[in-house]
Every structure is written in C-alpha cells, then in structure tokens.
4 protein chains.
Amino acid sequence: MSIKIIWPEGRLAQLTQFEAEIITRSSQDKEIYSLYRSCSLAVLNCGSITDNARLLLDRSQDFDIEVIRNERGLKLELINPPESAFIDGEILTAIKRHLFAVLRDIVQIKLHSEELARIFDRNHIPSGQRSANHIFSILRNADALQSSDMPRIAVCWGGHAIPQDEYDYAYRVGYELGLRKIDICTGCGPGIMEAPMKGALMGQSMQDSHMGRRIGLTEPSIIMCEPPNAMISELVILPDIEKRLEAFVRLGHALIAFPGGPGTIEELLFILAIRLNDENRGDPLPLILTGGEQNRDYLMSIDAFFRQCFGDEIARCYSIIIDDPKAVATRVKEGIKDVYDHRTLTHDSYSFNWNLCIDEELSRPFEATHESMEALRLYHSEAPADLAIALRRAFSGIVAGNVKEQGVRQVRERGPFRLHGDRDIVEGIGKLLEAFERAKRFSIGNRHYEPCYVICPD
Amino acid sequence: MSIKIIWPEGRLAQLTQFEAEIITRSSQDKEIYSLYRSCSLAVLNCGSITDNARLLLDRSQDFDIEVIRNERGLKLELINPPESAFIDGEILTAIKRHLFAVLRDIVQIKLHSEELARIFDRNHIPSGQRSANHIFSILRNADALQSSDMPRIAVCWGGHAIPQDEYDYAYRVGYELGLRKIDICTGCGPGIMEAPMKGALMGQSMQDSHMGRRIGLTEPSIIMCEPPNAMISELVILPDIEKRLEAFVRLGHALIAFPGGPGTIEELLFILAIRLNDENRGDPLPLILTGGEQNRDYLMSIDAFFRQCFGDEIARCYSIIIDDPKAVATRVKEGIKDVYDHRTLTHDSYSFNWNLCIDEELSRPFEATHESMEALRLYHSEAPADLAIALRRAFSGIVAGNVKEQGVRQVRERGPFRLHGDRDIVEGIGKLLEAFERAKRFSIGNRHYEPCYVICPD
Amino acid sequence: MSIKIIWPEGRLAQLTQFEAEIITRSSQDKEIYSLYRSCSLAVLNCGSITDNARLLLDRSQDFDIEVIRNERGLKLELINPPESAFIDGEILTAIKRHLFAVLRDIVQIKLHSEELARIFDRNHIPSGQRSANHIFSILRNADALQSSDMPRIAVCWGGHAIPQDEYDYAYRVGYELGLRKIDICTGCGPGIMEAPMKGALMGQSMQDSHMGRRIGLTEPSIIMCEPPNAMISELVILPDIEKRLEAFVRLGHALIAFPGGPGTIEELLFILAIRLNDENRGDPLPLILTGGEQNRDYLMSIDAFFRQCFGDEIARCYSIIIDDPKAVATRVKEGIKDVYDHRTLTHDSYSFNWNLCIDEELSRPFEATHESMEALRLYHSEAPADLAIALRRAFSGIVAGNVKEQGVRQVRERGPFRLHGDRDIVEGIGKLLEAFERAKRFSIGNRHYEPCYVICPD
Amino acid sequence: MSIKIIWPEGRLAQLTQFEAEIITRSSQDKEIYSLYRSCSLAVLNCGSITDNARLLLDRSQDFDIEVIRNERGLKLELINPPESAFIDGEILTAIKRHLFAVLRDIVQIKLHSEELARIFDRNHIPSGQRSANHIFSILRNADALQSSDMPRIAVCWGGHAIPQDEYDYAYRVGYELGLRKIDICTGCGPGIMEAPMKGALMGQSMQDSHMGRRIGLTEPSIIMCEPPNAMISELVILPDIEKRLEAFVRLGHALIAFPGGPGTIEELLFILAIRLNDENRGDPLPLILTGGEQNRDYLMSIDAFFRQCFGDEIARCYSIIIDDPKAVATRVKEGIKDVYDHRTLTHDSYSFNWNLCIDEELSRPFEATHESMEALRLYHSEAPADLAIALRRAFSGIVAGNVKEQGVRQVRERGPFRLHGDRDIVEGIGKLLEAFERAKRFSIGNRHYEPCYVICPD
C-alpha cells in the first residue's frame, strides 16, 4: 500500500472543521464522500486519455483519500494514488492544485447549493436569475472572476476524440490566440480541449513573462470520463451539465467551436437557444465555427442542419472560418473588443455576462430517461428557441447514452432512447450522428459502437 | 450636495446581483440598508475620535451611500461624505478598503448567519462548535486567515480614552513588537487600539520591506462609537460582541491588556472564563497585563479584584509586567513560540485556535436589559467559570449603559441597572468603576458622568 | 569576542571575486578596507545619534568586518558589532540591507570612479556632463532609479540637531506628503533627516499597501558623523560631498529646506548657484523654505541674507511657507506636476534631471584648507552664480571645520579659517552663524563651541 | 517607410546619456553602431530560421534603428523592421525584451571590456582569473545570476539543422526536465537550441505557476546566423565565442549534448579540455551525450573519435544515454544534486562555477586564418588538454569557414584551411565531418556544400 501526504500551499484548504468532516471517509454522508473520492481520482489521472469512467474506477478500486486537519489547515492522505501524478515521488503542482479545487468545489456543491436556494426563496429572487447568481458565486469562490482584467477568455468547444490533423489545427488557432494574449477556457478533457491550450501557452510565452490562464470547467458526471488534460491551470467543478454550459457563456468573451461529436452539438444548441431568445438580440458574444480544410464538409453539414431546423437566418448567429487560424484569432480579438464596448455601455461586468438572458427551461437540469427523451418535441411548430432547447436535450441524452454510467445502463437495460419529431429534423439528427460515427468522433476506445437512440419521424 | 464615486480595485466588490441589491437604498430590507449606511459612515470617519454614535449620525444626516453595478463589478456612490476621508479630492486608500470591507461583511452578516444556522442544524453540529465555525468562515471570507503564515498576531486590549503617557507606553510596546515582526490586532478604535499599531509600523519598517498587518475587529454596535483608527490595515466586522471577543482569542497568538475601562475588564473576564474551563488547561495562549510605572496601582487593583473574585490561583492565568516594553515583547515572542509548538503537537491550525473550548453560555449574545442585568448571579457559590461569565455580562451591560445607543436609552428611561451578588464582589466592581471614573477612563467627551448601575450586595 | 554571520538575500552581494578581494582585511589596499570598515560600522550604528565620528570609532576599536565568499555569493562576518543592530540575536533587516549597500557602493567608488574618468576621456565627454553621467551610473547601480515611476521624490534638507518642536513640524509636513504618496529623500542622519520620513511612513500607511521609499544619500566623510537614521529604506553612498549635493537635485522632484545649520545653508547655496545659471531658467524644480511659527525669524534671516548677497530677485527662486504643513504638501504636489509636465515636454527623464546644467566649478570637490578658504572671493563684484559657488564652499569649509575629522584637526593646529569678502557679505555670514550657535544648531553633544572661522571684511 | 516606436518597460533602458550616444546613428564610432544595428536586426527576426547572415542583412538593407532619449529613459525607433516581429501592429514582448538586451550588452561590450582589462591590470588580477570575472560581470549586468536560486540550469548543445525525429527527441528530454523544474540554457538558435526549451515550457506549466527560464547565450558573429528562437526568455550577448563557451560551463549545472555538427563537437572539446585539466578533477559538472535510437551510430562515432584522440579513459568524462528522455532527466537531476553538494562543500557560488579552472589558452579568442589553422598541433605527442584545445580550435575554424562571413570569404579567396596532425586524428576529423555532411548537419539551406578544410596527415 502506497501512501502519499499532500500538504496545501498558500490559501488552499481553508475549510471549517465541519466542512472538512463532511468529506472524510467517516462522514455519514457516503454519497458526498464517494463523489469527492471519484473526482479526486479523476484529477489524479490528469493527462490520461479515456472516455470510460468505469475503467478508471475499476483500475483504482484500492484508491482512497482522506482529509486530515493539521496545523497548516488541512492535508490530504492519498492511498494508492496513480503513479503518473508524481515525478520522482513528488506530486505535480498542477495536480495538487486540482486536488484542492475538488475539495473546494465539492464542499461548495454539497453545502452551498441547497442553502442558496433557500436564500433565493427568502429574498424572492426570480427563478430566471437564480442560476446566474449561483454560477457567479461558484466562480467567485474558485477565484475565477478577475474583475480587474480586461475581457480575454475564449471558450473552445470540440471533440475529445479527434485525428491528429484536427489537433494540429486547434493548436495553431490556440497559438495565434496566445500571441494576442487571449486565455483559453474549455471543457477540461483531451483533444480539442487540450490542443488550443497548448498552442496558447506557446504563443503567450512570447508575450508575457507570466503564463496565461487555461481554465477547465467540468461537472461531476463528466470529470470521470474526461480527467483534466495536462494543460489546465484552473479547474472548476460546476454542479451539473447545465450550469457548466451556462458558465461557459457567462465567463467567456468569445466562443469557438471546433469539430466534435454530439457533446459539441449540444454546446452549440445551448448557445443558439440563447441567441434565439429575443432578449439577447443586442449581445455581441461572438461564436465561430472553424476547422481545417479537411473539416469543410463537417462544418457545412452542421451549418445545413441548423438551417434546416431553424431556417437560414440562424446563420447570422455564427461565423464559419475554414483553415485560417490567424483569421479566427483576429475575429476573436475584434469580437472581444465589441464585448468590451457593449459591457461598458450596459454597465455589465467584464468578468461575468450578467445581461445574457437564459430561459429557465434551458438552465434546468435535464435527466435523460426513456420517458424524458421520448417527451422531447422536435417539431418545427415549436418556437425556435424551444426547439433549440429540446434539441439540446436530445443531444445531451445521446451523450449520456453513449458514455455516462447511468445513461449507458439504462440503454443496456431498456433499449435505445426514442426521439420523436418532424421527419427532416430527426433524420437530420440521425445523419449527423452517423457521420460522427463514421468519423469515429464518439469514442477513443476500441469498443464497437451501438447507437443509443432510434429516430421516430412523425 | 457633494457626490463621490468610489471604484473598486483588485478583487473587492465581487458581489452577485442579489447580494448587491440587498444593500441598496431601494432594498426592501430597510434595517440592513440602515446598518450598511451607518457602518460605511463610521469608516468614512476613520481616524475621528468620538465615543458618541449619535453625534456622528446627527452630524451626517444628509450622508447617503449607494451600491451601483458596473462593468468592473460594483462602484459606490457617496453623497455628502465627510471631507476628512479625502486628500485633494481622492479617497484615502485605507478608507476605500474599509468601505468595501463593510460591504463584504454586512452582506455576510445578513445572508450567511441565518443560513449557517440551518446548515449546522442539518449537519448536526454540536452547539459548542458552532460559533467557532461561524467565526472561521467570516474571517476566511475577509481573507484574514493566512494559513502559510507563522503565528504572529498579538491582540492588544485597553482603553480608547487614555492619557498621553499611556499612549506613549503602548506605542513603545508596539515598537518592540514590530521589531520582532509581530502583527497587531485590536478593537479598531482610538487610544490603546491605535498606539501599539503605530509603534509596530515603525518597528516593522526596520524589519520588512512590506508593512505588517494591523487588524481591527469590530461589530455593528461598536463601530459607530469607535470609527476605525487611521492605522488599521484590515477591518473585519463580526456580527456581535461575543463573536468579536471570540474572534480575538481564536485569531490571536498572544493577548496584551493595557489599562482601559469597563470594556477592557469585559475582555479580560472573557478570556478568564475560558481559562477557568478545565478543557483549556493545556492551551498556552499568553495573557499579559502591562502598563507604565504610572499604571502600577491600576494593574494592582485589577489583579486584586480578580483574586477577590476567583481566588489567588487565578493569577497563574496572566503575567503582569510593569514599565518594560522590551520584556513584554520578549514574553510575547516566547509565548507565541509555545503556541506554535502546542499547535504543531495538537495539529491545530496556526491561523485559528480551533482547540480552545468556549462555553455556549459565554458565546451566546447577551442583551443588557434591566431584567437580564438583575438576573446575573455574582456569587462565590457559582462555579468560577460561571462567575466569570456572569461578571463578563455585568461589565458588558455597563459598557452598553455608558455608550451604546440602546443601553443609554434604557438607563435614561428606567434608571440604572441593578447588580446583585456577594458584597465583596459587587463592591469590588463598584470600586473599580469609581476608580475608572476618577481616571476619566469612561469617555473622551466632556459630558458629566452619571453611573448607569447600582450595586446591590446581598 | 562576539561574531555574527550575515547572509545575503535576494540579489545582494553579487560581487566578482576580485571585487570581493579588494575589500577584505587582507587586501593590499588598506585605505579602501579602512573606508569600508568605517562605513559598515556607521550603518551598524543606524539610529544612533552622534555628530562625532571619532567617538563612534573609538568606541568600536575592536570591531571588524570580513567579506567571505560562499555558495550563495558572499556573506559578512562581523566581529564585535554594536548590539543595537540586533534584535534577539538577529540583525535588523534594514541594517542588513544597508551593510550590503555599503559593500556595493564602496566597490563602486573604488573601482568605477577612476575608470569612468578614463572612459569619459576616451569618448570625449565634455567636463560639464561628466558628473551627471557619473551620478546616474551610481544611482542606477544602487537601483535607485525607477524609470516606470511617476515623479514623487521630495528632498528634505535641514538640521540634525533640532529642538522637539522643529522635529514635530517636519513630521507633520512628512505626514501630509505621505498622504499624497510622495517619497522622502534626505541626507540620511537624525533630526530633520528623520522626522519627515517618519511622518511620510504614517501617511503612506493610509494610502498604500506597500511602504514608500525613504532614500538616504550620504558620502564617506559624512556617514561617520551621521549614521543612517532608523527610517532609511534605501541608502546610497556617493563618492564626495559635491556629488551628494548634485544627486539631491538630479534625483529629487521637489526640494524642501527646514531650519538647519551651516550644512543646510550650504545645500541652499548649491541649488541657488544652479538657479542663478541662466541655462536653468526654465527648470521648474520647486524649492520651499518652511518651518513652524517658532522659526519665523530664522526663515526671515535666511531670506534677508540671500537678498543681501544676490539682490531681491533671488527670492523668486524659492517659496517661504510658515507653519502650514498642508500648504507645503500641496505646493510640493503642484510643483511635481510642473516638473512632470516640463520633463515630458523636454523629453527629460522622470527619474533623473539630466537637463539641469551644473557648472563644473560647482561640482568639483572642494577641500577646505586654510589656503582654499582664504582664496574664496565673497564679493558682489563676482557674477552672482560665482558668488553662490564661493559661498557654498565657505559654508562647506565651516561644516568641515566644525565636525569633520580633517577639518577639525586643521583648525586645531593652525587656527580658524579666514573668510575674505565684502563687509556686508562676510558680516552676514558671521551673524547667521552666531544665530545658529545661539540656537544650538551646530552640535548635539555638550562640548563648548569654538568658531572655526574668522571673517575678514575688506 | 514604416516606423515603429518601442517604449521600454520596467527597468529596461537605464542608460547614461553618453552610453546612449555611443550607439546612435550619429555616433562617431561607426563600427559599434553597425554591430548594434545588426544584432537588433537579428532579434527582430527572432523565430526565423537561417544560417546565412548575409541573406538576413541583404533582405533588410533599408532597416534602421535609433536610440532616442525620452522622459521614461530611452525609446527605440525602428525603421522598416521585419513584420514578423509584430502582432496586430504591436511588437512581441519577447522581442522587445531582446531588443533592450542587445542595447544593454552592446554598450557593455563596447565600454566595459576594455576598462575591465585596465582594472585587472591595476589590481594585478592573474590572467587565468580574468575571463571568469569578466563573464560574471556580464551575466550580473544581464540579471542572469540569481543567487537565491537552487542550481537548476541544464545547458543543451546540439545542431540547428536537424531532422524532425531529433527535434522530437530533444523536445521529450526538455519535457522531462521541465517536469523536474529544470531550466534550459542553449546557444539561442533553432533546432536543438529550441526543442528542449519548448518541451521544458510544457513540463514546467504542470509544475509552476510561473514560467521557467529559457536562457540563450550568443555572441555578435553568431547571432546574425542564428537569430534567437521563439522560446528564449532571456538573451545574453557575450563578447566572443570563447566567452560564450565559458559562460555555458560557468552558468550551467549540467551539460547535455544532442547530435549536432562541428559546432557541437567544438563545444564538447571545450568541456573535455577543461575536464582534462587536473585541477578540475573534483568538479562534478555532469556531461551527457544523448539522442534517439536513430542516433546510436552518431553517438558511437563521437565516442570513438574521442577515445582515439585521448584514449579510453576519456569516456569517464561523459555518460551516453540512448533513447531514454526520463533517464536523461533523472541523471541531470542527480548530477545537479552532486553539483549542489560540491559547491556547498567548497563554498563556491550556486549560480556561477568560479572554481572551474580554465586554461588561458582555452579562453583566448581564436581567430581562424589559414596561418592559425595550419599552426594547430593535432598530435598525440601533445598533452591531452593541449590536444583538446587545438582540436577545439580546429572545429571552431571549420565552423567559421562554413558559415561565418569572414571565414567564408577567406576560404573563397585562399582555398580551404589545412589541418596538420597525426594521421589517425586528422583522418578521424575528416570522417566525422563527412558523416555530418552526409547527414546534412551543416546547413539548412540548399546550397551545395564544399569542404572548407583539407586534412594533412604527417
């Protein structure tokens, strides 16, 4: 049995006694401890590439973690941690930081979320404003809001399982962003979530004496499938998928979508649902779809799918830039300038997009079940924003059916999810996903892919 | 009408929208806004010397403050602020920092305290541990816990209304502490609460390239009578008197009591009540009573009073050092070394004295009324720790009857408080207070002193 | 025998081997080692008050210092150092810094000065520009030029031997300067050289989270009589009196003269000689003479003396402000604003007044001997700038005759210096000095004062 | 004509007036200005890949640079600078820093070197110690000596013109070094001089919140052929090749030689000449020859050549590690630990290897001419250290004949250099160089290679 003691540094690990007790092994709340243990295990596997949470957990059944009070606050005792987290016996600094981020965020999720709901109730906060306030307080607690900073966070979305040429393209975009002193925020995993961070680090090394920020936003059910990549400098665990998506658009000053799988489409539908809300008409947050020459067809098919679902005017919501990293970076920089001007004008915070109006339906956690999936209304007769919300849920459910523990189990037990809707829409979904499958965008393992859905055109 | 806009810097003023709304003028909770306005007014009078809250408020009836959301987070709009807070039209940096500290702490008091109680309930936190956890979370939120630091905070207690020679002595003690790189924490007002900070700043200027910490702990009802002195570098507003007292002993690594009035006696009785609790027998937190040669009688009379109440063995709880600043500083440094060793041994935090056991009775807020004062049991037949608790309350009530708005009003309306107890004890109180009166330790104004109590020996 | 080892920190003590060898005890150059030892002894007596170099040296005959190469650069071995430099066995940080400043500057004086002369020769640098270039390179080497800073250095001149009320007045001026974020530069000794620094530290503590700068400029023959006061945060040893005077006017952005003795008059005559040079007509460097109400006569008599020597128009070169610290600070701040504008306009450096034209005669070291003093031409028939130069030398010689080792010995051996000139001028000198003597501005010791000069009116 | 103004930041550009005048266009010393212009042009081409100085200069005939005094010290005016140095019109921060490094070092080379010689003379510094003292003062002036740092600089030698697989191998070694918090120092150009820096940056990003150091050491005749690569964070220009070589071994705490051409062999012979000096027997500075599996033959042939020249015992001076980046990094880390222990024991500086004894012959600049090359004695009859010195010069001459302006011209005009020596030695040289030629290690351009030497075995 190998035991490693991790000492905190700086201001990490300032927990009250009772906060610390909640996440100890002996805590009565076994669920929260189990969550804490899993997330800690994930960050200890930082840099590993997997999309199979079970595998990671199975491989590490003898792993354990304990939070111990001591004279410098708290220390962590790791039992049988993965060796890759250590260099010559010492834990990697980035991983240490992530371990304490997990501690911070799990305590926050456990203790804060419910209390916040009560505070909202007592203070009569309208439901539409609650998630923004909640996310702000999580990001503030994670020290991720830097009010003195100029806007400069580009959110990058895209697949974790991508071929080398897509990786290289995203790296080059990141490099050009880094040269322009722009920071990167991604979903924290491998592939596109790593490549632009690596590029940005190189670019920033020529511009700054200090490293830029490389922010990874994740949530408990995702982190196990996608341990943080090695480039993440700041890790934040949001309570659920929807808050993570909302955190992207409230924290980011520009959005870049690289090629990806259904998760990327979900992210795009999330921002489109926001864009389709009339109240957000004036918001300038730029959205760019980009890829190398090899991704021309991919980008065109996404564009076509969106036009089919929402009509051609939807294309005003995004720019498509093919094979031109400099143009992407220049467009991002200009877009951020617009964001800066708009926030100054509307007195909205540079570090948090309060003004963006996000429908309660969109931010409400969606749990994919056979029932909830079957109930989605994928019809042109719905208002466009509502259709976007339903589509976002459909793709969310497909991601769950593909890779998340609970989703996979449901599909195994009860067969694929059924998606009802207008023929062109659900067939469009089907075609997109088949293309993803052919392009091997679903998985980085070798297992045979079995679709977790069937389309049921009306 | 003069209007000043105060822009935040750094990480100040990261409030969520709903937090900010609670303390705006238009907030529905008038009480919290009024509290916020008063505390803000007090820090704008930083450096002023008064012990009369009413005066300050009266003088500033046309003062107002508004919290306004903007692109850098929040800004403050001050209407008719006192001129002394500005130099050539710009607000003093220290006062600006204090203004945002008020914002932070009032929001915390308003939103956090009640919810925390609920969290404690749900998690079955024993009542004896609640105030420690509460205070820790307030100090953490104020960034006042620096877990990487070696213990080095000396708490200084003593009067705000003191003659120049007592001021000079406390300055010299502060200077010797500063030379030894020890930081000062006081109750934030003038007199003894300022002098050692000034001295420490001088001493530290020969030792460090950065300034040391000069922490002021206050609470809403006190801050109006004692605006922060000009030396305070960090201001924290605790929710009530008892939490403030507890914060002193949990945050401090050594306690120094200079001559003072009934408030100082209250502070001493608070720590004696803790000392008299058997569970704290091993705790080495040093307590030093000191003053110049001119205070020899004063110190002896305090010592005599304690011996009379608790027996001679009480004298083991403190050292008396007369007219020797170097000896005080050396004793503090040694004492802090013991604290360091003890915390290392017991794995208690260097920055927060978790282990100290504080009776629930002692930490429960005491509201002085004619009934609650009359009910105090000042008898030798009580257990010593209980007697100390009752005496602490008696002196707390006298302070309220002397200077606090509500206390003064009660006494005006219903006559002096009545203190029942064994003759030697209550007469001891009477003598002490008369001596204080003769020494003009009660007030810095000119008004005639009328005792707010009568003693009723049984 | 007590031995203390002083380890360097940060970038102190990066000497080459041969630089280090020059100032070791075993060095062949006994003179440089002796100078190094004396200056080190002076800074170890930092905070001591004396004007008698001999006394200090006599008291410390068994003191020695050795520079020892080691793995972190260099360390110092002190043999029998004064105890006052240590707190609980550890050297005061400020004194440690000063010790390494001495090392740095003595090596610089020894190695650099002569070679620089050669470099100037080879590159045909006009003699009038040499001292500016020399001083710049000394200040740069001492890290005293901070090109990114806004102008904010106020030079304070005045006596070391002053009554408490003058000290308090200078403290109050310093406090007002500190509130305005202005740094203080003085001649490094006690009295006026300390008081405004203390005040500024207090004022700055309300404005900055970091301490301001408190620069002391000295030179080898002065430092022994005036060990650095306890407030100095940066010490620079210039090679001689004239370079020290020039460093004041090139580094400072405002000059304030408080009451002082002949040294202060020397300083004033130095800047007047510069002002009287037509080439400096446009330079806005403000000069303020100030003191409390008690110094009204003093200030008037100085003013009268200058008018007598140079005519009434000389009064345009300075402002006199009596008993108004705020007005002084406000005037300094405005004056610095003018300096800033002027430097921006003329593209002169904010951190070093290159443009100021200083006559070679003024910057040439003056050695006071009976011959050189007798040769001074104190006549109205001289050009005003030349008369100022001669007067500056006269007062410099008187300072030497009063307190400097060599000067005192000459006067003891050969009688007082003789000053020739127009009756009104030399009698003016005599009257001024007699008034100084009556006001005890010469010395802080008890020895009887015997004038070191006689006036010889033609 | 495009003009760019470059403003300094922080402490850059604190030159005296006369220093600044020396390197202006109007300076009388045309040679120094020309050198300054060329080096500035080279750093503006930072990241470009070339080995042809002429090409760079030709392409930029209309480039000019001017140093202009201003209120913040100095600013630079660039006329027609290469566009690659700018992003969206703003100069890259790294290039800006390099531009001011050139300013600093050229002034140093011009003014300091000669004066230092004079100081050495006056102070009777033995010739063997002069170059160490000189190099120390250059590195100190460049702020490259950080006495508080633990030893952690790995010097990497190797080719600039290398195939991708060698680049990748060096990157992986750099990554492992970075994970171990080791900094990289190289000769500043492309290829092996870049790859380990890139890897180290990645590795360090997981370990530190700040970037590590990536030091480039160059000299005027090299910088034009090898503009700094994009990874360099600190640039230092030494006065000549020999001082640059010496700077590597005095500044570095471990030496790693990757495959390279004649320049790399020259570097290896430099350190072998030092190793062969008996006085350095105890010095533990580790030397590692490493490459991927594809370089096995290369490494073996170098090893064979050294054994042939110096006998088998020479192999004790280095380790050969093939295809194992982790082993290299571990060996470096252990080696640096030995260096640390040795310096602690011998009280030598952690930041500068004073103790290393370098023969005057080795540090004396060698100018390759037909005469000096022909005079080299490449015989077994020479003492091994002397043979190493002669061989170092032979390879230095071949580098000059290949790529340096003056060398190339001489060979063009008078034919190849002639190398005399024992048959096995000179034939060994020939074989090595032919192998280099076959492996295209000489040049990255397309021009046909014509050997610049003939071997003349006796």
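**Exercise 1. Establish which chains are apart and which are in contact.**

Step 1. Chain A and chain C do not touch, and their nearest C-alpha atoms are 17 Å apart. Likewise, chain B and chain D do not touch, with nearest C-alpha atoms 17 Å apart. Contact here requires that the C-beta atoms of two residues, placed from the backbone, lie within 7 Å.

Step 2. The basis of the numbers should be stated. The model is predicted, with local features needing pLDDT of at least 70 and side-chain atom pairs counting only at pLDDT 80 or more, whereas totals for chains, interfaces and linings use all residues. Residues are numbered from 1 along each chain as its sequence is written, and chains are lettered from A and ligands numbered from 1 in the order in which they are written.

Step 3. Chain C meets chain D through 34 residues of chain C and 35 residues of chain D. On the chain C side, helix H1 (17-22), strand E2 (64-70), H4, H5 and helix H12 (325-346) each supply at least two residues. H5(C) gives the largest share, five residues. Helices (H or I, at least four residues) and strands (E, at least two) are DSSP runs, numbered from the N terminus.

Step 4. Chain C also meets chain B, with 16 residues of chain C in contact with 17 residues of chain B. Helix H4 (93-122) and helix H7 (195-205) are the elements of chain C that give two or more residues to this side.

**Exercise 2. Compile the residue classes on the two sides of chain C.**

Step 1. Ala, Val, Leu, Ile, Met, Phe, Trp, Tyr, Cys and Pro count as nonpolar, Asp, Glu, Lys and Arg as charged, and the others, Gly among them, as polar.

Step 2. The classes are then entered side by side.

| Side of chain C | Nonpolar | Polar | Charged |
|---|---|---|---|
| touching chain D | nine | 15 | 10 |
| touching chain B | nine | four | three |

**Exercise 3. Describe how H4(C) packs with H5(C).**

Step 1. Two packed helices are described by the angle between their axes and the distance between the axes.

Step 2. The axes of H4(C) and helix H5 (residues 127-141) of chain C come within 11 Å and cross at roughly 145 degrees. Axes are lines fitted to C-alpha atoms, for helices over the stretch in contact, and angles run from 0 to 180 degrees between N-to-C directions.

Step 3. From H4(C), the residues C:Arg104, C:Gln108, C:Leu116 and C:Phe120 meet C:Arg130, C:His134, C:Ser137, C:Ile138 and C:Asn141 of H5(C). This contact divides into three nonpolar, four polar and two charged residues.

**Exercise 4. Reconstruct the seven-stranded sheet of chain C.**

Step 1. The sheet is open, pairs in the parallel sense and has the order E9-E8-E7-E6-E10-E11-E12. Strands pair if DSSP finds at least two bridges between them.

Step 2. Strand E9 (234-237) and strand E12 (319-322) of chain C stand at the edges with a single partner strand each, so one side of each has no neighbour in the sheet. On average, neighbouring strands are turned by 25 degrees against each other, direction ignored.

Step 3. Within the sheet, strand E7 (residues 183-186) and strand E8 (residues 214-218) of chain C run parallel and are joined by three bridges. C:Thr186 stands opposite C:Gly216 in E8(C).

Step 4. Helix H9 (residues 241-251) of chain C lies across strand E6 (153-157), E7 and E8, running at about 150 degrees to E8(C).
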